[in-house]
Amino acid sequence: MKKIILLFLLTVFITAGFAQDLITNKDIVMMKTSKMSDDIILAKISSSTCDFDLSTSGILELKNAKVPDKIVREMLNASPPKEVMTNDDVTNMHQAKISTPIILAKIDVTEHNFDVSPEGLIKLTTAKVPKNIVKKMMDVPTGKSSSNGVSGSSKKENTSSGKILRFDEIENASLSKTYDGYIAKDGSVFMKGDKIALKFPTKDGRVFQYIYEQKGLSSRTNLSPKYSNTELEIIGALAGKEDLFGSKKFKYARVIAMGEGLVTGVIIEIENAIASGEVKSKVISENEALETIKKAKDKFDLGLITKEEYEKVRKEMRQYIK
C-alpha cells in the first residue's frame, strides 16, 4: 500500500512540477538509465512538451539505450516525425533491427510516399522486410496515416473498385500500380486478404511453371512442389508486360501472395496458372454446386447443421445451377 501511495505522489509531483518542460531523447534515456519506472516515464511524456528525434538513427539510439517499445510508441504519438517516410527508411529500420511494432507505429503517425510498384515490392521482399510491414505499406494511402483516424484519406477510399484489375482491362492497366484484386477471364475473383488455393506443379512434374518466388529484379525461382495443395494469402495484383517472340509486347495479370516458409512474395501468372491447373479456379461448376448442396442436406438431415445454415448454402450454390 505504501508503494502505491509513493508511486501516486511521485506521479503527481512530476506531472505538476514539470508539466511545461521540453523533453528530448536525452531526457528519456537519462530517466531510463536512472531506473525510473516505465509508468512514470510515460506520465512524463503525456504531460510535457516533446521534441523527440525519431528518425531511424534516433530510434536506434533509443533501442541501444534499452528504452522499451511501449515508451518509443508513446514518443511517436506525442511527437510525430516531420520527415516523409520512403521504402528506404523502412528497409534501413528493419536492417538496423528496429522491432516490427515500432516500424508499424512510425508508419501510422508519419507522412509517407511508399513505392509499392512491382519493382518496389520486389526490393522490399529481397531485403526481407516482414510481410506484415509490406502489407501495411500497401494498405496506407499516400500522406499521413493513423490507426486512430488521423488521415487525409481513409482506408475505405483507398480500396475502391477502381483498384480492381480486370482481365478485359489489362491492356490499359498501369504497370506501376498495385491493385486490390483481380477478376479473371473465367470470372474468378482474387481479392487482397483472400486465400488462393494451389494445386499441383506442371513443369516436368517437379516445380510450378507459372508460380515463382522473385529473388531480385532479374532473378526468380519456380515454386517448390512442397506447396502443392496449400493456400497462400493474396496481398495484391499487378499488370505485367513481356515480349512475345522477341517483338510484339503483351500485358498479363499477376497475383502476389505470401505464405508460411516463404521469404519473398510469390508471383502467380494467374491466367496461365488457372488454365494449367496450378491454381484452383474460383468458378464453381454446376456439378460442384449440386454436390455442395447435397452434402449440406446430408449434414442437415444428420443434425450437424441448422436449417438456416443449410438454406444459406443452397441459396449461394443456386446461382451456379442453370
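Which residue forms a salt bridge with Lys-136, and how far apart are the closest N and O atoms? The first legend gives the reply, after a note on the model.

**Note on the model.** This is a predicted model, in which local features need pLDDT of at least 70 and side-chain atom pairs count only at pLDDT 80 or more, whereas totals for chains, interfaces and linings use all residues. Residues are numbered from 1 along each chain as its sequence is written, and side-chain values use heavy atoms, with hydrogens and water left out.

**Figure 1. The salt bridge between Lys-136 and Asp-108.** The closest N and O atoms of Lys-136 and Asp-108 are 2.7 Å apart. Lys-136 belongs to helix H9 (residues 131-139) and Asp-108 to helix H7 (residues 100-109), so the pair ties together parts that are 28 residues apart in sequence. A salt bridge here is a side-chain nitrogen of Lys or Arg within 4 Å of a carboxyl oxygen of Asp or Glu. Helices (H or I, at least four residues) and strands (E, at least two) are DSSP runs, numbered from the N terminus. Lys-136 is partly exposed at 21% relative accessibility, while Asp-108 is buried at 14%. Buried denotes under 20% relative accessible area, exposed over 50%, and partly exposed the range in between (1.4 Å probe, protein chains only).

**Figure 2. Salt bridges of Lys-32 and of Asp-301.** The count of salt bridges in the model comes to 11. In one of them, Lys-32 pairs with Asp-38, with the closest N and O atoms 2.7 Å apart. Lys-32 is partly exposed at 23% relative accessibility, and Asp-38 is buried at 17%. In another, the side chains of Asp-301 and Lys-297 meet at 3.0 Å, N to O. These two residues are four apart in helix H12 (residues 286-301), a separation of about one helical turn. Asp-301 is partly exposed, with a relative accessible area of 49%, as is Lys-297 at 32%. Salt bridges with shared partners also join Lys-32, Asp-38 and Lys-70 into one network.

**Figure 3. Helix H7 and its surroundings.** H7 is mostly covered, with seven of its 10 residues buried. The buried residues are Ile-102, Ile-103, Ala-105, Lys-106, Ile-107, Asp-108 and Val-109. Among the elements that cover them are helix H4 (56-64), helix H5 (69-78), strand E3 (84-85), helix H6 (87-95), strand E4 (111-112) and H9.

**Figure 4. The nonpolar cores.** A nonpolar core is a set of buried Ala, Val, Leu, Ile, Met, Phe, Trp, Tyr and Cys residues joined through side-chain atoms within 4.5 Å. The largest has 41 residues, of which Ile-28, Ile-45, Phe-52, Met-75, Val-90 and Ile-107 touch the most other members. H7 supplies the largest share of this core, five residues. A second, separate core of 28 residues includes Tyr-182, Phe-190, Ile-234 and Ala-253.

**Figure 5. The two sides of helix H4.** Thr-56, Gly-58, Ile-59 and Leu-62 are the buried residues of H4. They span an arc of only 165° around the axis, which puts them on the same side of H4; the arc is that of the directions from the helix axis to the C-beta atoms. Glu-61 and Asn-64 are exposed on the other side of H4. The buried residues pack against helix H2 (25-33), H5, H6 and H7. One of them, Thr-56, has 18% relative accessibility. Leaving aside residues up to four places away in sequence, Thr-56 touches Asp-89, Asn-92, Met-93, Ile-98 and Lys-106, a contact being heavy atoms within 4.5 Å. Just after H4, Lys-66 takes a positive phi of about 65°.

**Figure 6. Ser-228 in a loop.** Ser-228 is found between strand E10 (220-222) and strand E11 (231-244). Ser-228 is buried, with a relative accessible area of 17%. The side chain of Ser-228 reaches the backbone oxygen of Pro-225 at 2.7 Å. Beyond residues up to four places away in sequence, Ser-228 touches Leu-198, Lys-199, Phe-200, Pro-201 and Phe-208.

**Figure 7. Confidence along the chain.** The mean pLDDT (the predictor's confidence in each residue, from 0 to 100) is 79 for the protein, and 83% of its residues reach 70 or more. Over residues 2-19 the pLDDT is below 50, and this stretch has 18 contacts in the model beyond near neighbours in sequence. Residues 143-161 also stay under 50, with 31 contacts beyond four places in sequence. Where pLDDT is low, the predicted coordinates should not be read in detail.

How values were computed
Polar contact = N/O pair within 3.5 Å; in protein donor to acceptor, adjacent residues only side chain to side chain.
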